[in-house]
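Colleague: Could you take me slowly through one part of this model, a single helix and what surrounds it, and explain each term as you come to it?

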Amino acid sequence: MWTASDDALLAGFGVGDREATASFVRRYQSRVFGVAHSVVNDRALAEDVAQEAFLRAFRHASAYDPRKGSVPTWLLAITRNAALDAVRLRRPEPVDPAVIAHFDLLVSESSGPAARAEVSQEVQGLREVIAALPPEQSRALLLAAVCGRTAKEIAESEGIPLGTAKTRIRKGLLKVREGMGATKGGDPR
Amino acid sequence: MSAVDCPELREVSVELALGDLSGSERADALTHLGSCPMCGQLVGDLTRVAEDLLLLAPELEPPPGFESRVLARLEEERRPRRLRWRSLVAAAAAVVMLGVGGGLVVQTVADDGGPEPVRTALAISASGRSTCRVVVHGDRPASLVVSLDGPQGSNREYVVEAQPAKGAAIPVGRFALADGHGLLATTVPVDAEDLKSVRVFNMDGELLYEAFPEPVPRR
């Protein structure tokens with residue numbers, strides 16, 4: 001019966017309401033687990049990371065600022081940070097770059113479950129901007145921004161010089177910034 | 001790199017946004033950001049774009065039982081708060097019981113809060129078997145959560161309205177219990193501090209609870 005907005009649900013979660021907490025976890029668990037797994041490439045460790053991400057979100061719910069991004073983006077950034085902390089501690093297998101093939105990049109794909117409705121427009125814009133990048137740029141950018149790989153690791157896995165990896169990541173992110181500024185009608189600078 | 005200037009900062013802005021700088025490089029860059037709003041804006045923008053890209057990660061079903069495990073950890077995390085909440089409720093109920101309307105007992109209590117200042121209220125039915133909790137916080141629109149623990153097995157429906165300090169009551173929405181528990185989370189177009197009370201009616205329009213949120217005392 002949950003129809004609450006992401007912001008309102010986070011408010012209930014942040015103050016420890018049992019029903020809101022269950023709904024919050026249910027709404028985001030597959031996204032959180034997906035990001036965790038994209039970084040650590042290990043299901044057991046991804047579960048630890050996903051649990052940690054929800055705990056951190058609970059502790060820091062009051063710090064959420066809707067002007068800086070949506071609730072899903074905020075929660076997934078927490079998840080990525082938790083995953084990178086785990087990677088530094090436990091050094092799992094490097095992410096197989098083939099993981100990029102599973103990313104949600106199909107421009108024509110519909111927005112899917114109701115939980116994604118709030119972000120679908122933003123996701124659609126991102127897909128369009130990413131699709132316009134040279135494939136090697138989008139690949140390097142997603143490995144860095146989502147999977148948490150360093151430029152050095154990307155250079156090694158792609159078999160390219162470090163400077164080339166850095167350039168691909170840099171150009172890719174700047175183009176996405178510019179493209180998303182245009183999508184939102186804002187000034188990218 | 002020690003004293004970083006703007007061109008040097010721009011060179012490393014992407015790595016900084018992606019968390020791919022060494023400790024000393026990062027410290028130097030952050031020092032520069034502390035005194036340069038324009039570079040701060042650039043890095044803030046890049047960080048937000050990088051975070052937006054996380055939305056493209058594939059959704060993946062977690063292992064069976066994940067939900068119950070994470071809920072158990074969250075329960076553990078907030079247990080100290082709930083114990084304090086219960087002791088406050090018990091103390092408040094023992095000291096002051098206000099009769100309102102047709103046998104209702106309504107009492108505002110101070111929760112220990114949660115992570116940010118909130119206004120809370122608890123309304124208890126005359127029988128003491130049902131409770132309605134209200135949590136409101138934030139500026140217009142305020143976030144409002146109304147939760148109701150009713151008789152076990154109940155699936156009744158309720159209507160909620162918010163009464164600002166000035167002006168007419170605002171319809172908030174309706175919700176149903178599922179096996180005795182129900183929750184409505186939404187926003188109301190007032191500042192939290194301007195919300196005088198929250199009323200819960202049954203589907204016949206009969207007022208069941210009226211809760212008056214009060215600020216949580218700062219510790």
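Modeller: Helices (H or I, at least four residues) and strands (E, at least two) are runs assigned by DSSP and numbered from the N terminus, and the expected span of a helix is 1.5 Å times one less than its number of residues. Residue numbers start from 1 along each chain as its sequence is written, while chains are lettered from A and ligands numbered from 1 in the order in which they are written. The model is a predicted one, in which local features need pLDDT of at least 70 and side-chain atom pairs count only at pLDDT 80 or more, whereas totals for chains, interfaces and linings use all residues.

The part to look at is helix H3(A), which has 17 residues and reaches 24 Å from its first C-alpha to its last, close to the 24 Å expected at 1.5 Å a residue. Among the buried residues of H3(A) are Ala46(A), Val49(A), Ala50(A), Ala53(A) and Phe54(A), where buried means that 20 or more other C-beta atoms, placed from the backbone, lie within 10 Å of the residue's own, with exposed standing for 12 or fewer and partly exposed for anything in between. Charged residues are found in that buried list too, including Glu47(A) and Glu52(A), since Asp, Glu, Lys and Arg count as charged, Ala, Val, Leu, Ile, Met, Phe, Trp, Tyr, Cys and Pro as nonpolar, and the others, Gly among them, as polar.

Several of these residues meet Ala36(A), which touches Ala46(A), Val49(A), Ala50(A) and Ala53(A), along with Thr79(A) and Ala83(A), when residues up to four places away in sequence are not counted; such a contact requires C-beta atoms, placed from the backbone, within 7 Å. Ala36(A) and Val49(A) appear again in the largest nonpolar core, where they are among the residues that touch the most other members, as are Val32(A), Leu53(B) and Val146(B), out of 111 residues. A nonpolar core is a set of buried Ala, Val, Leu, Ile, Met, Phe, Trp, Tyr and Cys residues joined through C-beta atoms within 7 Å.

From here the picture widens to the other chain, because 64 residues of chain A are in contact with 47 residues of chain B, under the 7 Å rule for C-beta atoms. Helix H3 (43-59) is one of the elements giving two or more residues to the side of chain A that touches chain B, although H2(A) gives the most, with 14 residues. That side divides into 34 nonpolar, 16 polar and 14 charged residues. Chain B itself holds four helices and 11 strands, and buried residues make up 37% of its 219 residues.

Terms used
Contact = placed C-beta atoms within 7 Å.
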